[in-house]
Amino acid sequence: LHANLSALEAVLALFDLEEVDAIYCVGDIVGYGARPNEVIELLMEREVAAVAGNHDWALLGKISEESFNPYARAALEWTRAKISPEARDFLEALPLRIDTEHFCLVHGALPNPEEFEYLQSFPTALATLADFDAPIGFVGHTHVPMNFIQNPGSSELEWHFQVDWHLEKGQRAVVNVGSPGQPRDEIPTAPAVVYNLQTGRVQLLRTPYNIAAEQRLIRKANLPAILGDRLQHGI
């Protein structure tokens, strides 16, 4: 989400239209954007379950930010000065993973979620699949939607970028849901995944949102301009 309230509001409106029963977030709630407190307030209001992302942990001092680029570090420094005690408590309480009988949720990759490894290769996807029991897992971190599929009895994976498909009986998958608050697949609309437990249907939906409003707030906050400019291009 990266503190992008306009994108969050648009995605929640989309979920309401789709009559979604439960909403989950794959982390990186803060960083880059100018409305961290408002985003967290809305997540709490809508009872969205979330896992911690690397930006969330870096803000809290749980990991080093040395590997972050200068723009990300500047945004974290700004956010530390602005974050409310309630919002900070929300971030502190986030788990690194959520496991249910139906799905697993983690920001990066498994088996070591605290390392926030990027899941963008077959070996990493296989290691992640081996570390949870549910049919499907959902991740973020790379900001690029992507699907890794494992067929029954196979140690090989298929992958694709399809936006509407079905997880068949016996198959397992890891799905990157993308980043509503800062897409990086050159599509500026906010992505969100809807998963139907009964049918196995996986839909990547996208919605426009008020990019200009977020850009204005980023400039007004004296955050690096690139953090707003890139929203316009989805990069």
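Two residues are said to be in contact when heavy atoms of one lie within 4.5 Å of heavy atoms of the other. The tour below relies on this term, and the model shown is a predicted one.

**The whole protein**

Begin with the entire chain in a cartoon view. The protein contains eight helices and eleven strands. Its radius of gyration is 17 Å, close to the 18 Å that the globule rule gives for 235 residues, so the protein is as compact as a globular protein of that length. Turn the model along its principal axes: the C-alpha trace spans about 55 × 35 × 30 Å.

Next, display the surface. The accessible surface amounts to about 10900 Å², and carbon and sulfur atoms supply 50% of that area. Of the 235 residues, 56% count as buried. Among contacts with a separation of 6 or more, 68% involve residues 24 or more positions apart.

Now colour the charged side chains. There are 17 positive and 32 negative side chains, and the centres of these two sets lie 7 Å apart.

**Arginine 201**

Select arginine 201, which lies in strand E11, residues 201-207. Is this residue buried, exposed or partly exposed? Arginine 201 is partly exposed, because its relative accessible area of 31% falls between the 20% limit for buried and the 50% limit for exposed. Then add histidine 166 to the selection. The two residues are 35 residues apart along the chain, yet their C-alpha atoms are separated by 4.3 Å. Beyond its neighbours within four places in sequence, arginine 201 is in contact with Asp164, Trp165, His166, Val194, Tyr195 and Asn196.

**Aromatic rings**

Tyr195, just met as a contact of arginine 201, leads to the next stop. Together with Tyr24, Phe103 and Phe138, Tyr195 forms one aromatic cluster. Across the whole structure, a search finds six aromatic pairs. For one ring pair, select tryptophan 159 and phenylalanine 161: their ring centres are 5.2 Å apart and their planes stand at 85 degrees, so the pair is edge-to-face. Both members are partly exposed, with relative accessible areas of 45% for tryptophan 159 and 44% for phenylalanine 161.

**Proline 183**

Move to proline 183, in the loop between strand E9 (172-176) and strand E10 (190-195). Proline 183 counts as buried, at 1% relative accessibility. Which residues are in contact with proline 183, leaving aside its neighbours within four places in sequence? They are His143, Pro188, Thr189, Pro191, Arg206, Gly234 and Ile235. Valine 144 is also worth selecting: proline 183 and valine 144 are 39 residues apart in sequence and 6.9 Å apart in space, C-alpha to C-alpha.

**Backbone details in the loops**

Select leucine 110 and proline 111 and display the backbone. The peptide bond from leucine 110 to proline 111 is cis, with omega near 15 degrees. Proline 111 belongs to the loop between strand E4 (103-106) and helix H6 (122-129).

Phenylalanine 116 is found in the loop between E4 and H6 as well. This residue has a positive phi of about 50 degrees although it is not a glycine. At 7% relative accessibility, phenylalanine 116 counts as buried.

Finish at glutamate 19, in the loop between helix H1 (5-17) and strand E1 (24-25). Glutamate 19 is not a glycine, but has a positive phi of about 55 degrees. Is glutamate 19 buried or exposed? At 65% relative accessibility, glutamate 19 counts as exposed.

Key. Residues are numbered from 1 along each chain as its sequence is written. This is a predicted model: local features need pLDDT of at least 70, side-chain atom pairs count only at pLDDT 80 or more; totals for chains, interfaces and linings use all residues. Side-chain values use heavy atoms; hydrogens and water are left out. Helices (H or I, at least four residues) and strands (E, at least two) are DSSP runs, numbered from the N terminus. The radius of gyration is taken over C-alpha atoms; the globule rule is 2.2 Å times the number of residues to the power 0.38. Buried means under 20% relative accessible area, exposed over 50%, partly exposed in between (1.4 Å probe, protein chains only). Accessible areas come from the Shrake-Rupley method with a 1.4 Å probe; for residues, only the protein chains shown count as cover. Lys and Arg count as positive and Asp and Glu as negative; His and the chain ends are not counted. The place of a charge is taken as NZ of Lys, CZ of Arg, CG of Asp or CD of Glu. Rings of Phe, Tyr and Trp (its six-membered ring) pair if their centres lie within 6.5 Å; planes under 30 degrees apart count as stacked, over 60 as edge-to-face and the rest as tilted.
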